[in-house]
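Hello,

Here is the structure I said I would pass on. Please open it first, then read the notes below with it on screen.

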Amino acid sequence: MSSAADMSLPSRARAASQARMALTAVAAGHELVDDGRLLMTEAVANAVEHTDGDDVRILIRHDERSGVLVCAVRDNGAPLSADGGDNRDRAAVRDCERNDASTAALSESGRGLQLIEELSAQWGCEVDATGKWVWFALVPGAADPDA
């Protein structure tokens, strides 16, 4: 059995709070809620910053049997222009496409992807012509044993 949420949230700062509440409702009382809330905040804040649309979309799924929590956040960023557009945006898209959070960690912002990479069992980014999805999966007991 699993619980899920699929929501569109306004691309405003309060979207992160709304996403955290949705995640808490979907995975109430589960050991992964705190990490999930932290990573969801980072992913939604990133989406709100980079969207050209009025909203961001979140998907949350918690498998109650296995305990796996999967979250995805979509922003509707403008497609890259033919002349290459903003170099910073091109680099972010390139890093996202390679699922490379290490480059983002060196920049003034963008540490959210590094946090997602470090705390999740798996994560990824899918870019298309109208935006991108950032997703992550948390698995019970998958924490770094050296932590």
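**What was found**

Leaving out residues up to four places away in sequence, A43 touches V73 and I116. A43 sits in helix α2, and it counts as buried because its relative accessibility is 4%, where the cut-off for buried is under 20%. The C-alpha atom of A43 is 9.8 Å from that of A19, although the two residues are 24 apart along the chain. Please keep in mind that this is a predicted model.

**The overall layout**

The protein has five helices and five strands. Along the sequence they follow the pattern β-α-α-β-β-α-α-α-β-β. Of the 147 residues, 38% are buried. If you take the contacts between residues at least 6 apart in sequence, 63% of them join residues at least 24 apart.

**Helix α1**

Helix α1 runs over residues 14-26, which makes 13 residues. From its first C-alpha to its last it reaches 19 Å, close to the 18 Å expected at 1.5 Å a residue. Which residues of α1 are buried? They are A15, A16, A19, A22, L23 and V26. Seen down the axis of α1, these buried residues fall within an arc of 125 degrees, so they line one face of the helix. A general point helps here: an α-helix has 3.6 residues a turn, so residues three or four places apart point the same way.

The face of α1 turned away from the buried side carries the exposed residues R14, M21 and A25. As for what the buried residues of α1 pack against, the list is β1 (2-10), α2 (33-50), β2 (55-63) and β3 (69-75).

**Helix α2 and how it meets α1**

Helix α2 has 18 residues, which should span 26 Å at 1.5 Å a residue; its end C-alpha atoms are 25 Å apart, which agrees. Its buried residues are V33, G36, L39, M40, A43, V44, N46, A47 and V48. The elements that cover them include α1, β2, β3, α5 (111-119) and β5 (131-138).

How do α1 and α2 cross, and at what angle? Their axes come within 9 Å and cross at roughly 150 degrees, and the crossing is right-handed. On the α1 side, the contact is made by A15, A16, A19, R20, M21, L23 and T24. On the α2 side, it is made by V33, G36, R37, M40, T41, V44 and V48.

**Helix α5**

The buried residues of α5 are G112, L113 and I116. Seen down the axis of α5, they fall within an arc of 100 degrees, so they line one face of the helix. I116 is also one of the residues that A43 touches.

Q114 is found in α5 too. Is Q114 buried or partly exposed? Its relative accessible area is 25%, so Q114 is partly exposed. The C-alpha atoms of Q114 and E42 are separated by 9.8 Å, with their positions 72 residues apart along the chain.

**The loop after α2**

T51 lies in the loop between α2 and β2. It counts as buried, at 11% relative accessibility. The side chain of T51 reaches the backbone nitrogen of G53 at 3.0 Å. Apart from neighbours within four places in sequence, T51 is in contact with S11, V56, D75, N76 and G77.

**Two strand residues**

S3 is in strand β1. Its side chain makes a polar contact of 2.6 Å with the side chain of E64. Setting aside neighbours within four places in sequence, S3 is in contact with V26, I60, R61, H62 and E64.

H62 lies in strand β2. With a relative accessible area of 5%, H62 is buried. Its C-alpha atom is 8.7 Å from that of M1, and the two residues are 61 apart along the chain. Beyond its neighbours within four places in sequence, H62 is in contact with M1, S2, S3, V26, A27, H30, G67, V68 and L69. V26 is thus listed as a contact of H62, and V26 is also listed for S3.

Regards

Conventions
Residues numbered from 1 in each chain as written. Predicted model: local features only at pLDDT ≥ 70, side-chain atom pairs only at ≥ 80, totals over all residues. Heavy atoms only, no water. Helix = DSSP H or I, 4+ residues; strand = E, 2+ residues; numbered from the N terminus. Expected span 1.5 Å × (residues − 1). Buried < 20%, exposed > 50% of the residue type's maximum accessible area, 1.4 Å probe, protein only. Arc of directions from axis to C-beta. Contact = heavy atoms within 4.5 Å. Polar contact = N/O pair within 3.5 Å; in protein donor to acceptor, adjacent residues only side chain to side chain. Axes fitted to C-alpha atoms, helices over the stretch in contact; angles between N-to-C directions. Left-handed = near helix turned anticlockwise from the far one by under 90°.
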